[in-house]
Amino acid sequence: MAAASSMLTAAPLSFSPLPAQRIRAAASFAVLRRGAAALVVRAAAASSRSPAAVEAAPKKKRATGITQPKPVSPVLQAIVGAPEIPRTEALKRLWAYIKQHNLQDPADRKVVVCDEKLKALFAGRERVGFLEIAKLLNPHFVK
């Protein structure tokens with residue numbers, strides 16, 4: 001029994017780590033291999049398409065919902081400058097108008113102090129909260 005235990009301790013076990021250069025080289029080689037494989041796959045996919053398929057590929061989705069242009073009332077048209085516009089773009093242009101004319105209340109920036117154009121747009125109200133603006137624009141989008 002003693003002989004067996006001396007054999008285990010007699011052979012030193014050592015694990016030497018790989019040098020850092022070899023580790024980096026192996027990692028960069030693996031990255032290069034993956035990149036080259038991806039290029040081969042892309043090239044094969046591109047060559048298999050016909051020229052007509054390549055031209056037809058970049059189709060845009062048709063605008064729906066709030067991104068679909070709708071006709072607007074003359075009052076809103078005076079502010080946004082377009083007879084037909086999507087809701088999202090109308091809100092952007094309305095906020096641009098408000099900021100350009102410095103119509104936000106200095107004490108509470110969430111409140112818009114209406115000038116004559118905005119009073120006509122917001123049913124004669126003097127002050128409008130920014131959360132109410134979208135609701136007050138609804139009647140100005142003609143169905």
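Is Gln-104 buried or exposed? With a relative accessibility of 12%, Gln-104 counts as buried, and its surroundings are taken up below, after an outline of the chain as a whole.

## The chain as a whole

The structure described here is a predicted model. Its protein chain has a secondary structure of 7 helices and 4 strands, and, when read from the N terminus, these elements follow one another in the order α-α-α-β-α-β-α-β-α-β-α. Of the 143 residues in the protein chain, 20% are buried.

The accessible surface of the protein chain is about 11,000 Å², and carbon and sulfur atoms account for 63% of that surface. When contacts are taken between residues at least 6 apart in sequence, 32% of them join residues that are at least 24 apart.

## The loop between H5 and S3

Gln-104 is placed in the loop between H5 and S3. Its side chain reaches the backbone oxygen of Arg-109 at a distance of 2.8 Å. Once neighbours within four places in sequence are left aside, Gln-104 is in contact with Trp-95, Ile-98, Lys-99, Arg-109, Val-111 and Val-112.

Asn-102 is also placed in the loop between H5 and S3, and at 60% relative accessibility Asn-102 counts as exposed, whereas Gln-104 counts as buried. The phi angle of Asn-102 is near 55°, which is a positive value in a residue other than glycine. For background, most residues other than glycine have a negative phi.

## A second positive phi

Ala-123 likewise has a positive phi, with a value near 60°, in a residue other than glycine. This residue is found in the loop between helix H6, which covers residues 116-121, and S4. With a relative accessible area of 68%, Ala-123 is exposed.

## Salt bridges

A search of the whole structure finds 5 salt bridges. As a general matter, side chains of opposite charge can pair when their charged atoms come close. One of the pairs in this model joins the side chains of Arg-93 and Glu-89, with a distance of 3.2 Å from N to O. Both Arg-93 and Glu-89 lie in helix H5, which spans residues 87-100, and they are 4 residues apart, or about one turn of the helix. Arg-93 is partly exposed at 32% relative accessibility, and Glu-89 is partly exposed as well, with a relative accessible area of 27%. The C-alpha atom of Glu-89 is separated by 9.2 Å from that of Ile-66, a residue 23 places away along the chain.

Another salt bridge is formed where the side chains of Arg-127 and Asp-105 meet, at 2.7 Å from N to O. Arg-127 lies in strand S4 (residues 127-129) and Asp-105 in the loop between H5 and strand S3 (111-113), so this pair ties together parts that are 22 residues apart in sequence. On one side of the pair, Arg-127 is partly exposed, with a relative accessible area of 42%, while on the other side Asp-105 counts as buried at 13% relative accessibility.

Glu-126 forms a salt bridge with Lys-119, and the closest N and O atoms of these two residues are 3.0 Å apart. Glu-126 is partly exposed, its relative accessible area being 47%. Beyond this pair, a network of salt bridges links Glu-116, Lys-119 and Glu-126.

## The nonpolar core

In soluble globular proteins, nonpolar side chains tend to be buried together. In this model, the largest nonpolar core has 21 residues, and those with the most contacts inside it are Leu-94, Leu-118, Leu-121, Phe-122, Ile-133 and Leu-137. The elements that give two or more residues to this core are helix H4 (74-80), H5, H6 and helix H7 (133-137). Of these, H5 gives the most, with 4 residues.

Phe-122 offers a view of how this core is put together. If residues up to four places away in sequence are not counted, Phe-122 touches Leu-94, Cys-114, Val-128, Ile-133, Leu-136 and Leu-137.

Terms used. Residues are numbered from 1 along each chain as its sequence is written. This is a predicted model: local features need pLDDT of at least 70, side-chain atom pairs count only at pLDDT 80 or more; totals for chains, interfaces and linings use all residues. Side-chain values use heavy atoms; hydrogens and water are left out. A salt bridge is a side-chain nitrogen of Lys or Arg within 4 Å of a carboxyl oxygen of Asp or Glu. Buried means under 20% relative accessible area, exposed over 50%, partly exposed in between (1.4 Å probe, protein chains only). Contact means heavy atoms within 4.5 Å. Accessible areas come from the Shrake-Rupley method with a 1.4 Å probe; for residues, only the protein chains shown count as cover. A polar contact is a pair of N or O atoms within 3.5 Å; within protein, one must be able to donate a hydrogen and the other to accept it, and residues adjacent in sequence count only if both atoms are side-chain atoms. A nonpolar core is a set of buried Ala, Val, Leu, Ile, Met, Phe, Trp, Tyr and Cys residues joined through side-chain atoms within 4.5 Å.
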